[in-house]
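Thanks for coming. I will go through one structure today, mostly side-chain contacts and a few backbone angles.

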Amino acid sequence: MRASGLAETTADTGDRTPWFCSGCPHNTSTRVPEGSRAVAGIGCHYMVNWMPGRNTSTFTQMGGEGVTWVGQQPFSLDKHVFANLGDGTYFHSGLLAIRQSIAAGTNITYKVLYNDAVAMTGGQQVGERPEGHSVLQIMNSLKSEGVAKLVIVTDEPAKYDGVQLAEGVTVHHRDELDRIQREFREIPGCTAIIYDQTCATEKRRRRKRGTLATPDKTVVINELVCEGCGDCSVQSNCMSVEPLETEFGRKRRINQSTCNKDYSCVKGFCPSFVTVEGGTLRKPKKEKKGDLSALAPLPEPVLPVAESAWGIVVAGVGGTGVITIGSLLGMAAHLEGKGVVTQDAAGLAQKGGATWSHVQIADRPEAIYTTKVDTAKADLIIGCDSIVASLKTTMAAMQPGRTFVALNSHGSPTASFVNNPDWQFPGQHCDTAIASAVGGELLGSFDAEEVALQLLGDSIYTNPLMLGYAWQKGRVPLSHAALMRAMELNGVQVDNNKAAFEWGRRCAHDLAAVRALFQTAQVIQFAKKPALAEVIARREEFLTGYQNAAYAAEYRAFVQKVQDAEARLGTTTRLAEAVARYLFKLMAYKDEYEVARLHTDGAFAGKIAGMFEGDYRVVHHLAPPLTAKKNERGELVKKAYGPWMHKAFGVLAKMKGLRGTAFDPFGRTEERRTERALIREYRACIEELLAGLTAENLPLAVEIARIPEQIRGYGHVKARHLEAARTQWEGLMARWRQGPAEAALRQNA
């Protein structure tokens, strides 16, 4: 039974499934070749069970990794499996599992991940004896156990130069993992691959603490070149590759605040990626965005009296400082001599999972009776992430008329976006669900991450900003002085965290005034959907630059033909808008000339200059179809090209007049012939739709006209998307051609 007064409303707001960190070695090490299977054990790599396409299942206790296969293999059509095993587990009891598989003569390959930390529980060192806990010790112990074959795979092969390896052991770059696995699955007996790469979360910690150098290489995406295909997300499995909505559809961008600098995303088969080597990212000039010292003082809020337990739940995403906020509240309460109990529900927090910190504060310790905020007993919810704040776990603590929710409305992508390029942030559902649970007057929602990024230069300060917002609203029973002292004792980015708190107060007092400090960014973000005439004009202008005025006029004439046909049905322009967007998409296919033009038109160079300062060089990552090497699957492989490529692009861009002519050196490839044929096929399809267009079949016509949205990417990625789109295209056209009468007859048959 639910507690009295607790809202019954829930909504499908998505989830925060834990995910590998950007740059996590588990992301690469757990991949298996097509047609292979793998089994998981205890550790971060268990999360691979939730990921599509990894062919991994099951889990065991520590020391049981892969042992189930000993009994299964004789009765399975599969003759080999891979087993994932972490270094912490290996030293605990995982070696015993390997010993059992060797003794049983099982065909299995153990992939032992040496990630230099106990990544599941806080990044502790693996053991206390450096000389006894290393890749080389694992190598020697595996050899002594009698594995049939052993190799070391790493992202830094050079560190093994001059190192004495056991007989037969070789070192390979992680890019060779797929080839090595294909080789190992054919070797009888028990084999092993030691995958050596430091935990991404631990790297980030060490960089923050100054014990590990930050690479002077930064990934940037040219959104005009980007096709939004998502191959970069597939290759990297990285949550720092985020969606970017633009005039020309959804693209990708890199969240520089969360990027772990693993660079796997660059392997996505797309020429939009560049790496900026050297220089430093510019920080916003605060004097232009607003100076706290120059602003008028804020009124002091009336703080609540905590005669009984005052329940606070901080809800957010692991790795963003949710637990830190709970700790700050706990320390501030301790400094004031109040009773306080904190309980953290972290789970797989380090891996992007949902995280909660329960804090109860009372004037007397005796007034606190539970270790966490009970059902319908929250006085304050600090929703650092909308999705986590709207989960049933969080909403169970809410009570109408009592709970105030300070909500960060920023749309951070979930793990679903990695494999679904069309994923949409369920922000409206989250707001509606929470407002229904507590009442609209007790919900304070705003984009705190945008404020933190614009005014403090880093989204990492979002959570202390949210704390300041809630405090100014009079929902935290702690003094300003105690909270500031708690930040000082925490000793991390003290001045910036204090400033974030004060900006949060400003947002609570006058949000419009704070937004006005970065009004330009807000105007762009909340720009209204352009009218059809503007959509057409913008694309006509683009196509003129793409090819010439005649090419653009051809586009406009065809769209006008669709407008005229649709106008006979009434005031709708849905079909015309779809054709305007997607005929343009097909006509502006990104061949070598267009990629060169978009990289050299000045806008992207201006973007780079606005992001970086100091001496830097821009490196392009490309796979020219006429010169690039191919991998074992016959796919072109990208290669880095230095700043000279920018000059080559300038020359190539001027040669766009050769596009589609007999003198076009790139026009004879299958990809280019297909792209030109698609334009003709699409136009013929639209002509067929116009010939039989009625008000009843207009929705189907619009759906067909939008098919090119699914044709994304370059090379083999685009071919894969086209194959899927063509299947749907043919199905929709079959429905169109059978007509409503015949369709009804078939449905009733």
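**Surface, rings and charges**

M62 comes out as partly exposed, because its relative accessible area is 37%. Keep in mind throughout that this is a predicted model. M62 sits in the loop that runs between β2 (56-57) and α2 (68-72). Together with I42 and F59, M62 makes a nonpolar surface patch of about 270 Å².

Next, the aromatic rings. A pair of aromatic rings is described by the distance of the centres and the angle of the planes. How many aromatic pairs does a search of the whole structure find? The search returns 12 aromatic pairs. One of them joins Y641 and W644, with 5.9 Å centre to centre and 70 degrees between the planes, and that makes the pair edge-to-face. Y641 is classed as buried, because its relative accessibility is 12%.

There is also a ring cluster, in which ring pairs link F248, F542, Y555 and F584. Two of these rings have an arginine over them. The charged end of R539 is placed over the ring of F584, at 5.3 Å from the ring centre. Over the face of F542 lies R597, 5.0 Å from the centre of that ring.

Now the salt bridges. Across the whole structure, the search gives 40 salt bridges. I will show three.

The pair R182 and D178 has its closest N and O atoms 2.8 Å apart. Both residues belong to helix α5 (residues 177-184) and are four residues apart, about one turn of the helix. R182 is partly exposed at 27% relative accessible area, and D178 is partly exposed as well, at 23%.

The second is R364 with E366, where the closest N and O atoms are 3.8 Å apart. R364 has 45% relative accessibility, so it counts as partly exposed. E366 has 55%, so it counts as exposed.

The third is K718 with E675, at 2.9 Å from N to O. K718 is in helix α27 and E675 in helix α25 (residues 670-691), so this bridge ties together parts that are 43 residues apart in sequence. Are K718 and E675 buried or exposed? Both K718 and E675 are buried. The pair also belongs to a network, in which salt bridges with shared partners join E592, E671, R672, E675 and K718.

Staying in helix α27 (residues 715-748), H721 is also found there. H721 is buried, because its relative accessibility is 18%. Its C-alpha lies 5.3 Å from the C-alpha of I711, a residue 10 positions away in sequence.

On to the backbone angles. K261 has a phi near 55 degrees, which is positive although the residue is not glycine. K261 is located in the loop between β10 (249-254) and β11 (273-281), and counts as buried at 17% relative accessibility. A376 is another such residue, with phi near 60 degrees. The loop between β14 (354-362) and β15 (380-383) holds A376, which is buried at 2% relative accessible area. A glycine case is G210, just after α6, with a positive phi of about 80 degrees. Helix α6 (residues 200-209) has A200, T201, E202, K203 and R207 as its buried residues.

Last, the cysteines. C190 is buried at 5% relative accessibility, and C430 is buried at 0%. The disulfide count is zero.

Technical notes. Residues numbered from 1 in each chain as written. Heavy atoms only, no water. Buried < 20%, exposed > 50% of the residue type's maximum accessible area, 1.4 Å probe, protein only. Helix = DSSP H or I, 4+ residues; strand = E, 2+ residues; numbered from the N terminus. Disulfide = S-S within 2.5 Å. Phe/Tyr/Trp six-rings, centres within 6.5 Å; stacked < 30°, edge-to-face > 60°. Lys NZ or Arg CZ within 6 Å of the ring centre and 35° of its normal. Patch = residues over 30% accessible without salt bridge, like charges linked within 9 Å, V, L, I, M, F, W, Y side chains within 5 Å. Areas by Shrake-Rupley, 256 points an atom, 1.4 Å probe, with all protein chains shown as cover. Salt bridge = Lys/Arg side-chain N within 4 Å of Asp/Glu carboxyl O.
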